[in-house]
Amino acid sequence: MAAPIMRVERIADYVGQEVTVQGWLYNKTDKGRLYFLLVRDGTGIVQCVVSMRDVPPETFEAARRVTQESSLIVTGTVRQDARAPGVPGGYEIAAREIHIVQLAQDYPIGPKEHGVEFLLDHRHLWLRSSRQWAIQRIRATVIRAIRDWLDGQGFLNVDTPLLTGTAAEGTTTLFPVDYFGERLYLAQTGQLYNEANIFAFGRVYCFGPAFRAERSKTRRHLLEFWMVEPEMAFCTFEEMLEIAEQLVSYVVARVLEERRNELRVLERNTAPLEKVTPPFPRISYDEAVRLLNEWAEEATDPEQKAALRIEWGDDFGAPHETALSLHFEKPVFVTHYPAVVKAFYMQPDPQRPEVVRCADLLAPEGYGEIIGGSERIADYDLLLQRIREHNLPVEEYQWYLDLRRYGSVPHSGFGLGIERTVAWICHLDHIREAIAFPRMLYRYRP
RNA sequence: UCCCCGGUAGCUCAACAGGCAGAGCAGCCGGCUGUUAACCGGCGGGUUGGAGGUUCGAGUCCUCCCCGGGGAGCCA
């Protein structure tokens, strides 16, 4: 009977059995009459031991010939051995038969260090390395967890268009797309459509890519990134914060539960992640400004001093967010920003109309904003007034204004950036590793 | 768009104040039965991003261009 095909992540279930592994050679150690082959199959990495004494000559010859990243099929017996490296590790295969499917020649990425430019040029191959493998596996769990939690809380997934007919979204730069001479744009948010959808479905979320044609060149920006945007009818600002902190906490817990091996590959210290449980601290914009200026006073470095100082009414820059984010052990909500720095649709605070009922969630460890959200203006007249104040084309917003004419309700929503969340959970230096094929300024291929 | 940094062997980098362009890794050959990015010995490997200039002499200094990286603004 042929040996069953084993997925390496399930190796613990096969101890003592003969199995077949289909994969690629990750690394090889040549000890003369003994070879250690590290074989990865997409689910993990297993060490295959090939001893001259124990295998037929053709198997030993295959182990000698096989090169890094060659595809191969190995059959042998699984045994437990604490010395065996790999993921999960602690198990190895005593090989009996090796079939080389294709012999790779001169694989460009070696086990030693490489520069960013070289790795990005070889992104199609870089994805095979264990760090990148671990990150993408965690990303998949983050996405799965988001969907599971929202679906379980009565949210309906209703996706929104990626092509829009007008530049009405206003805020940042849109990618124009030519459609037989007509100008369309790639969506940078599904929020306005989400607001229509809640009146049909109550609680909804859209999940998809967003496009921002910014000439940003930082470790936090992509031209194309993925975002989940929940939107809730009959939901106040405070209720929205609770939903957001529940969702983020659930996602982190799922990764801790299901991706231990991957976090270990990344050498991620999990202690800060274990602390991510509700409730998250909430501070007002006013308080944040006060704190930042206090830290600016205390700072000895004049550059740091200048970077932290802030006037009430200014929006936070990256140094401000980083400082705030480092100050708290959990993600922190910064709420009630001045209306002037925020989007036109945000609901003013009834007690203080100069600020809006909005929140940014800053991830800890200096990672900065992962969520932006707000209660939306429910009143027709106020919304119309804001559209005019922002010099937006009123005619393009007729359908959006309609939502305030036919059964308007208090409602709120937020957007969670997938890559920023993955970058934080994986403790990455740069957001480019959080997506398989990043799109950045001057980086469109492969 | 602006500010800063970089481009030397397949890869990662060195080369004092302008004076023979070098090392590790990878590759190939040989050795080794428990390696964890193995180790030991040997071998091959160069239009120093491009163009121009200064100089007896330029990887090194100057000008322009090209290509990257980091940051700012903006934001997820």
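Q: Let me fix terms: a residue is buried under 20% relative accessible area, exposed over 50% and partly exposed in between, using a 1.4 Å probe and protein chains only. Is Glu69 buried or exposed?

A: Glu69 is buried, because its relative accessibility is 5%. This is a predicted model, where local features need pLDDT of at least 70, side-chain atom pairs count only at pLDDT 80 or more, and totals for chains, interfaces and linings use all residues. Residues are numbered from 1 along each chain as its sequence is written, chains are lettered from A and ligands numbered from 1 in the order in which they are written, and side-chain values use heavy atoms, with hydrogens and water left out.

Q: Where is Glu69, and what is its phi?

A: Glu69 sits in the loop between α1 (57-65) and β4 (71-80). Its phi is positive, about 75 degrees, although Glu69 is not a glycine. Most residues other than glycine have a negative phi. Helices here are DSSP runs of H or I with at least four residues, strands are E runs of at least two, and both are numbered from the N terminus.

Q: And Glu365, which loop is that in?

A: Glu365 lies in the loop between β15 (358-363) and β16, with a positive phi near 60 degrees. It counts as partly exposed because its relative accessibility is 25%.

Q: What about cis peptides, where are they?

A: Val87 and Pro88 are joined by a cis bond with omega about 5 degrees; Pro88 is in the loop between β5 (86-87) and β6 (91-102). The bond from Pro278 to Pro279 is also cis, with omega near 0 degrees, and Pro279 belongs to the loop between α8 (271-274) and β13 (282-284). Most peptide bonds are trans.

Q: Step back. How many helices and strands does chain A have?

A: Chain A has 14 helices and 17 strands. Its C-alpha trace spans about 85 × 60 × 40 Å along the principal axes, and 52% of its 446 residues are buried.

Q: What share of the contacts is long-range in sequence?

A: Taking contact as heavy atoms within 4.5 Å, and counting pairs at least 6 apart in sequence, 68% of the contacts in chain A join residues at least 24 apart.

Q: How many charged side chains?

A: Chain A carries 51 positive and 63 negative side chains, and the centres of the two sets are 7 Å apart. Lys and Arg count as positive, Asp and Glu as negative, while His and the chain ends are left out. Each charge is placed at NZ of Lys, CZ of Arg, CG of Asp or CD of Glu.

Q: Now the RNA. Which residues are closest to strand B?

A: Asn27, Pro85, Arg212, Arg219 and Arg420 are the closest of 54 residues that surround RNA strand B, where near means that a heavy atom of the residue lies within 4 Å. Of the RNA atoms within 4 Å of the protein, 48% belong to sugar or phosphate and the rest to bases.

Q: Which elements supply that surface?

A: Those with at least two residues there include β1 (18-30), β2 (34-40), α2 (116-121) and β16 (368-376).

Q: What polar contacts to the RNA are there?

A: An N or O atom in the side chain of His114 is 2.6 Å from a sugar or linking oxygen of RNA strand B. Polar side-chain atoms of Glu117 and Glu369 each lie 3.1 Å from a sugar or linking oxygen of that strand. A polar contact is a pair of N or O atoms within 3.5 Å; within protein, one must be able to donate a hydrogen and the other to accept it, and residues adjacent in sequence count only if both atoms are side-chain atoms.

Q: Back to β16. What does the Glu375 side chain reach?

A: The side chain of Glu375, a residue of β16, reaches the backbone nitrogen of Phe237 at 2.9 Å. Glu375 counts as buried because its relative accessibility is 8%. Beyond four places in sequence, its contacts include Tyr345, Arg357 and His411.

Q: Last one: which residues of α12 are buried?

A: In α12 (residues 380-389) they are Leu382, Leu383, Leu384, Arg386 and Ile387, and their cover includes α13 (398-402). At the start of α12, a side-chain oxygen of Asp379 comes within 3.2 Å of the backbone nitrogen of Asp381. After α12 comes Asn391, with a positive phi near 55 degrees.
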